[in-house]
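Open the model in your viewer and keep the selection box handy. We'll go stop by stop, and at each one you'll get something to pick and a note on what is there.

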Amino acid sequence: MAYRVHPSERIPHHVDRNRFLRLLSERIKPDGLLFDTEDLRPYECDGLSAYRELPWIVVLPETVEQVQTVLKLCREEGVPVVARGAGTGLSGGALPIANGVLLSLAKFSRIIEINRANRTARVQPGVRNLAISEAAAPYGLCYAPDPSSQIACTIGGNVAENSGGVHCLKYGLTVHNVLQVRVVTMDGELVTLGGSGFDGPGYDLLALITGSEGLLGVIVEITVKLLPIPPCAQVLLASFDSVEKAGRAVAAIIGAGLLPAGLEMMDNITIRAVEDFVHAGYPTGAAAIVLCEFDGIAEQVESDLLKARDIFRAEGATEVRQSTSEAERKTFWAGRKAAFPAAGRISPDYYCMDGTIPRKRLPEVLRRISELSAQYGLIVGNVFHAGDGNLHPLILYDANNPGELERVEELGGKILEACVEVGGTITGEHGVGIEKINQMCVQFRAAELAQFLAVKAAFDPAGLLNPGKAVPTLHRCAEFGAMHVHRGQMAHSDLERF
Amino acid sequence: MDADLSESLRQAVLDAMDLGTPLRIAGSGSKGFYGRPSSGNVLDTAGHAGILRFEPTELVLTARCGTRLSEIETVLAEYGQMLPFEPPHFGAKATLGGTLACGFSGPRRPFAGSARDCMLGCRILNGKGEILSFGGEVMKNVAGFDISRLMVGAMGTLGVILDASLKVLPKPERELTVSFEQSMEEALNAMNRWCSEPWPLSGLAYDGSRIHARLAGSDRVIDAVYGKFGGDVLKDGDAFWQDLREQRHEFFRADGNLWRLSLAPATPVLDLSGVWFYDWGGALRWLKTDAPSETVFRAAQAAGGHATLFRGHSGDGRVFQPLPDSLNALHANLKRAFDPMGLFNPGRLYENF
């Protein structure tokens, strides 16, 4: 469906499209400018395909200088800009703006340097996540963050969203694995953030720009940290007859001082869906399974596996299996990695949520989700990065049923609000984008949102970069709050209503 | 001892706004030597202390800024856990707030993450006297800009960190330090080679004549790895790393300015007069020198890194690597976004804000 821009987040301008195209064509080659409806169509949405909008113009620059000129021109003319990588994001962060330029970094697809001695890769933003690890592999090195879309997603998008993956618990998020970025600001200035070592001078703008969802600048070059490929990895598959027991086992693993490379959990609905799809040998009768992987040198992996196996048994696992070969390890993971497509097989559409909660609150949040699922009459499967408390409830639905998507969104919103209530957050790794922009009004108070807006203005005073995403205006929250009275208290009661 | 002074600190900021007088944020004062001098009335944060929440199975600890590092480390140790970034204290009363504001990380940093890496969330008091919460107590959180990590190393110029939630980690079962005699060039080669191989390292330093490598893991792992890794076993390995962390090693006692250079770890030996001590496998280089600040800043920049006058006097008032104009302008804009009246630690980081 078409996305309805909130009036307070619209950037109006009266620039004539033909004149603007003429100005652009003086700087960009013809094949880097798209303006016919059929050419614009592939850019109308990202991974959140429920929302679509045709961009005004698509620009595909090839050089940093071209990015600088395009941004300068947009700044002078007051035209909004949305940067886009591979468009795999799940929160609508790259959704175009009807009167704005869609700046695709697709042509920035070069790995500039793999520096073996310093264990770094210097790459352009359009390089795919997996391509970095592939290029580093001959040196025995890899890039650790591995979002599930790593075959397709680009490193520029990873930095913009601070992407995670299944190995975050041990290896961290994107923010922990990026050393330096070069960014073009809305004024067309090229700045370098971070350093060639482990830190940079001044404020930690590298941390600030990571996860800023394209609101502060356009990233044109990235240096990431590479790590030695672990020589050994094995995974345990533990089955449980209740979700609570599985949740307690996860806490016990962490409490025992173990640091798994991956610690994942899924519930029965998801287990059955993936088993039908990939035949990973999952126990379809289990209420929940936990996948627990250790990597490193063989001696460490062996002793960790022994300890973890004992813990799972002590916590009441009905079965604990251990992969005995690389092939079997991959089979165990195949099911987890196929969880989203498997949901797509049993339902015409699914909607993937991304809340994070303190691990110990898992049982009550799962109970709340199942209550909400019954209340809305929509099936919800749960896949969970258990190690770091990141929930991915999958709401199954059929977009062809009138009004169903709206109900799904409302249910999704309630799930996120439940996450906030237990001290969690509305998004662990997918970003706010347009998808969770209303829930930002639940997670933050007006003063914090105003601080975010002030940070945004420090980089982009005219608000031209990715407007209407990630950080809501206070006007939006005032309206949203009017509909969401929380425990009898009006949110943002300090704001004017209209 | 433990007290919530949020309101009185907020009141002090509101008073400073009324009077237009700047504030010098200070905890125990253990890091008063660091950074440029700053003027103003002291805003004492030492009393705002206490561990608020600690859940060993969540690997998260939340404490007020005035909480002593030693207290936090003692509590964590009871559960076999630690602050991953092994922060230097520089004084028995060192507080969490000062450590985060300075962004100090110790020898374990390349292997377990920095202070900013461990920052999950915080409450701050900004220059408008507002108390704001960012981030949280969960490992993954991408809602809103990452203001929490921005606070780390900002030298208090953007606001007072009232309390902070940090990721903690289990302590290694055992650690063993081994040493090897090496020339400077050979040491850099060896340290970088080891870092590109999957050794279970947790420290890697070179004192000018010997490499010190700390191995971490279970008993079985250490025994197995030591067999392959070799080196002379250091009897009291912990003491070596503590002396390095706290700058009590003989190197730090010599005369001359102490510079901290942050560089790509395999950067060849820099052509600067003085003596060197390498930490972080070569990515952090301590230099004792009488060279003028301009010379050190230029050399660091030419090597793609940055330099900080950690202790001593530069003569020209500069402490931190000068920023390019465009970057400096962004810094000044951000400072205004948090502290429009310029109340907090004016000039402590850079002269113009």
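One term before the first stop: a residue is buried if 20 or more other C-beta atoms lie within 10 Å of its own, exposed if 12 or fewer, and partly exposed in between, with C-beta atoms placed from the backbone. Helices (H or I, at least four residues) and strands (E, at least two) are DSSP runs, numbered from the N terminus.

This is a predicted model, where local features need pLDDT of at least 70, side-chain atom pairs count only at pLDDT 80 or more, and totals for chains, interfaces and linings use all residues. Residues are numbered from 1 along each chain as its sequence is written, while chains are lettered from A and ligands numbered from 1 in the order in which they are written. Colour by pLDDT, the predictor's confidence in each residue from 0 to 100: chain B has a mean of 97, and 100% of its residues reach 70 or more. The scores are ipTM 0.98 and pTM 0.96.

**Stop 1: helix 1 of chain B**

Select residues 6–19 of chain B. These 14 residues should span 20 Å at 1.5 Å a residue (the expected span is 1.5 Å times one less than the number of residues), and the end C-alpha atoms are indeed 20 Å apart. Now show side chains: B:Leu9, B:Ala12, B:Val13 and B:Ala16 are buried. They cover an arc of only 95 degrees around the axis, which puts them on the same side of helix 1 of chain B; the arc is that of the directions from the helix axis to the C-beta atoms. Spin to the other side and you'll find B:Glu7, B:Ser8, B:Gln11, B:Leu14 and B:Asp18 exposed.

What covers the buried residues? Add strand 1 (23–26), strand 2 (41–44), strand 6 (119–125) and strand 8 (160–167) of chain B, which are among the covering elements. Contact here takes C-beta atoms, placed from the backbone, within 7 Å. Following the helix is B:Gly20, with a positive phi near 70 degrees.

**Stop 2: where the chains meet**

Bring both chains up. The contact takes 67 residues from chain B and 75 residues from chain A. On the side of chain B that touches chain A, helix 12 (325–338) of chain B gives the most, with seven residues.

Next, pick helix 10 (residues 298–314) of chain A and helix 8 (residues 219–229) of chain B: their axes come within 9 Å and cross at roughly 170 degrees. Axes are lines fitted to C-alpha atoms, for helices over the stretch in contact, and angles run from 0 to 180 degrees between N-to-C directions. The two helices are therefore roughly antiparallel (angles over 145 degrees). Show A:Glu299, A:Gln300 and A:Ser303 against B:Arg220, B:Val221 and B:Ala224 to see the contact.

**Stop 3: helix 8 of chain A**

Select residues 243–255 of chain A, 13 residues whose end C-alpha atoms sit 18 Å apart, in agreement with the expected 18 Å. Its buried residues include A:Lys245 and A:Arg248. The buried set packs against strand 12 (232–240), strand 13 (262–267), strand 14 (288–296), helix 10 and helix 13 (362–376) of chain A. Just past the helix, A:Gly257 has a positive phi of about 85 degrees.

**Stop 4: A:Val15**

Last, zoom to A:Val15, in the segment before helix 1 (17–25) of chain A. With 16 C-beta neighbours inside 10 Å, A:Val15 counts as partly exposed. Leaving out residues up to four places away in sequence, A:Val15 touches A:Phe20, A:Glu77 and A:Val79. The C-alpha atoms of A:Val15 and A:Val79 are 7.8 Å apart, though 64 residues separate them along the chain.

How values were computed
Contact = placed C-beta atoms within 7 Å. Parallel < 35°, antiparallel > 145°, perpendicular 65-115°, else oblique.
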